[in-house]
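Here is a short set of exercises to work through with the coordinates open beside you. Each task comes with a solution that goes step by step.

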Amino acid sequence: MPLPLYLLALAVFAMGTSEFMLVGLLPDIAGEFDVTVGTAGLLTSAFAIGMIVGAPLVAALARDWPRRSSLLTFVLAFAAAHAVGAVTSSFPVLFATRVVAALANAGFLAVALTAAATLVPPDRKGRALAVLLSGTTTATIAGVPGGSMLGTLLGWRATFWAVAALCLPAALGILKGMPTGRVREVATGGPALRTELAQLTRPRLILVMLLGALINAATFASFTFLAPVVTGTAGLDAWWISVVLVLFGVGSFVGVTVAGRLSDRRPGLVVAVGGPLLLLGWPALAVLAVEPVALFVLVFVQGALSFALGSTLITRVLYEAAGAPTMAGSYATAALNVGAAAGPLIAAATLDTAAGNLGPLWTSGLLVAVGLLIMCPLRTVITAGRSVDVVE
C-alpha cells in the first residue's frame with residue numbers, strides 16, 4: 001500500500017476520534033449543559049447529519065480543487081471547529097461546531113475515499129478502504145478511550161483541545177506526503193457531474209447504500225450509549241467505560257482488517273457468516289450485559305462483526321459507483337453517516353422506555369434484522385463484482 005494512503009489514515013484517525021469520543025463524554029456534557037443524556041447524544045447525530053449533507057455537496061465543489069490543498073483545508077477547518085467547541089458555554093454553539101466539523105470531515109473523506117481507491121489497482125479497493133478505515137478503528141482503540149480517560153481526569157473540554165492538536169501532525173503529513181493534482185484528474189479525467197449523479201438511479205447502488213446505512217445505524221445505536229450500560233446495567237465504575245471502548249475498538253480493527261482481505265473477492269462469505277452472527281450478538285449482549293465478563297466478550301465480538309460487515313458493504317458502494325469516480329467517496333460517506341445519524345436518534349428514544357439502558361442494544365438487533373431481511377433474497381446482487389460478475 002502506498003505511503004499517501006497511510007497519511008490519509010492518520011487524518012482519519014484524528015477525525016474518527018472526534019466522531020466517536022462523545023460516547024465516553026456524554027454524561028459529563030449533559031451535566032454541564034443541564035440536558036439529558038439522550039439530548040447530549042444528539043451531538044453524535046448532528047455530526048452525522050453534517051456528514052450526510054456535506055459529503056455530496058463538498059465532493060461536487062471539490063471536483064476541480066487541488067487535492068492536497070483541499071485535504072489540508074478540511075483538516076484545519078476541523079481543528080478550528082474543535083477549538084471553538086472547547087471554549088463555548090452554549091449547547092447550541094457546541095451543536096453548531098459539531099455540524100461544522102462534520103462538514104469538514106465529510107469533505108475530507110469524500111476526497112480521501114476517491115483518492116484512496118485510485119492509489120491502488122482496481123481489484124484492491126477493499127484493501128485500500130481497509131487501510132483508510134484503520135484510522136477509524138485505531139481511533140476506537142486508542143483515541144476514543146484516551147479521550148474518555150482525558151475527559152475523566154481533566155474534563156471533556158480537554159478532549160476537544162486534544163483533537164484540535166491531533167489535527168496538526170495530520171495536516172503536516174498531508175502537506176509533505178500527499179501528491180499534488182486535482183481530484184478529477186486523479187479520478188481518470190472524470191465524467192461530467194450530471195453523469196456521476198445519475199449513478200444514484202442505479203438500483204444496485206441504492207441497495208448497497210441502504211444496507212450499509214442499516215448496519216452502521218445498528219453499530220452506532222449501541223456504541224453511542226455504551227457508557228450507561230457499563231455504569232448502570234453492569235454496575236461498573238466509570239473508568240471501565242474506557243476498557244469497554246478499547247475492546248470494541250480492538251474488535252472493529254480485527255473485523256475491518258479481515259474484511260479488507262475478503263471484501264474484494266469473497267464478499268458473500270462475509271455477508272453469509274457475519275450477518276447472522278451480528279443479528280444474534282446484539283440481543284445476547286442485551287440479556288447478558290449485567291455480567292461484566294460477558295459484556296467484555298460480546299462488545300469485542302460485536303465490534304468485529306459490525307465493522308467487518310459494514311466495511312464490506314461500503315466497499316460494494318465503491319464498486320457499484322465505479323461510474324462516478326469523483327463522487328463515489330461521497331456516496332459511501334453518505335451511506336455510512338445516514339446510519340450514524342439514524343441509529344443514535346432511534347436508540348435515544350428507547351432510553352426512557354421500560355428497556356432503559358438496554359434499549360439501544362435491542363434497537364441494534366432490530367436494525368440488523370431489517371437489513372438481513374432485505375439482504376438475504378438479494379445476496380447474489382449485493383455480492384456481485386464490478387460489473388455483473390459474481391466474485392465469490
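**Exercise 1. A charged pair**

Task: find the distance between N and O in the salt bridge of Arg157 and Glu32, and say which helices the pair links.

Solution.
- Step 1. The side chains of Arg157 and Glu32 form a salt bridge, with N and O 2.6 Å apart. The cut-off for such a bridge is 4 Å, and the model you are looking at is a predicted one.
- Step 2. Arg157 belongs to helix H7 and Glu32 to helix H1, so this is a link between distant parts of the chain, 125 residues apart.
- Step 3. Now the accessibility. Arg157 has a relative accessibility of 21% and therefore counts as partly exposed. Glu32 is also given as partly exposed, at 44%.

**Exercise 2. One acid, two partners**

Task: which residues does the salt-bridge network around Glu320 join?

Solution.
- Step 1. Start with the general idea: side chains of opposite charge can pair when their charged atoms come close.
- Step 2. Glu320 meets Arg202 in a salt bridge with an N to O distance of 3.4 Å. Glu320 sits in helix H14, while Arg202 is in the loop between helix H9 (193-197) and H10, so the bridge ties together parts 118 residues apart in sequence.
- Step 3. Check both ends for cover. Glu320 is buried at 3% relative accessibility, whereas Arg202 is partly exposed at 28%.
- Step 4. Glu320 also forms a salt bridge with Arg204, where the closest N and O atoms are 2.9 Å apart. That pair connects helix H14 with helix H10, across 116 residues.
- Step 5. Through shared partners, Arg202, Arg204 and Glu320 become one network. The total number of salt bridges comes to three.
- Step 6. For a backbone check on the surroundings, take the C-alpha atoms of Glu320 and Val208: they are 8.3 Å apart, with the two positions 112 residues apart along the chain.

**Exercise 3. Classifying ring pairs**

Task: are the ring pairs Phe33 with Trp156 and Phe248 with Phe307 stacked, tilted or edge-to-face?

Solution.
- Step 1. The structure holds eight aromatic pairs. In the pair of Phe33 and Trp156, the centres are 5.8 Å apart and the planes make an angle of 50 degrees, and the pair is tilted. Planes under 30 degrees apart would count as stacked, and those over 60 as edge-to-face.
- Step 2. Place the rings: Phe33 is in helix H1 (residues 3-33) and Trp156 in helix H7 (residues 156-177), so the pair ties together parts 123 residues apart in sequence.
- Step 3. Phe33 is buried at 13% relative accessibility, and Trp156 is buried at 2%.
- Step 4. For Phe248 and Phe307, the ring centres are 6.3 Å apart and the planes stand at 75 degrees, so this pair is edge-to-face.
- Step 5. Phe248 lies in helix H12 (residues 240-262) and Phe307 in helix H14 (residues 292-320), so these rings tie together parts 59 residues apart in sequence. Phe248 counts as buried at 3%, and Phe307 as buried at 14%.
- Step 6. Return to Phe33 and Trp156: together with Phe91 and Phe160, they form one aromatic cluster.

**Exercise 4. A helix length check**

Task: what span should the 23 residues of helix H15 have, and what is the distance between its end C-alpha atoms?

Solution.
- Step 1. Helix H15 covers residues 328-350, and at 1.5 Å a residue its expected span is 33 Å. The multiplier is one less than the number of residues.
- Step 2. The end C-alpha atoms of H15 are 34 Å apart, which agrees.
- Step 3. H15 is mostly covered, with 17 of its 23 residues buried.

**Exercise 5. Buried or exposed?**

Task: where is Thr224 found, and which residues form a nonpolar surface patch with Leu57?

Solution.
- Step 1. Thr224 is in the loop between helix H10 (203-223) and helix H11 (226-233). Its relative accessibility is 1%, so Thr224 counts as buried.
- Step 2. The side chain of Thr224 reaches the backbone oxygen of Phe220 at 2.7 Å.
- Step 3. Leu57 lies in helix H3 (residues 42-61) and is partly exposed, with a relative accessible area of 48%.
- Step 4. Ile49, Val53, Leu61 and Trp65 join Leu57 in the nonpolar surface patch, which has about 470 Å² of accessible area together.

Methods
Residues numbered from 1 in each chain as written. Predicted model: local features only at pLDDT ≥ 70, side-chain atom pairs only at ≥ 80, totals over all residues. Heavy atoms only, no water. Helix = DSSP H or I, 4+ residues; strand = E, 2+ residues; numbered from the N terminus. Buried < 20%, exposed > 50% of the residue type's maximum accessible area, 1.4 Å probe, protein only. Polar contact = N/O pair within 3.5 Å; in protein donor to acceptor, adjacent residues only side chain to side chain. Patch = residues over 30% accessible without salt bridge, like charges linked within 9 Å, V, L, I, M, F, W, Y side chains within 5 Å. Areas by Shrake-Rupley, 256 points an atom, 1.4 Å probe, with all protein chains shown as cover. Phe/Tyr/Trp six-rings, centres within 6.5 Å; stacked < 30°, edge-to-face > 60°.
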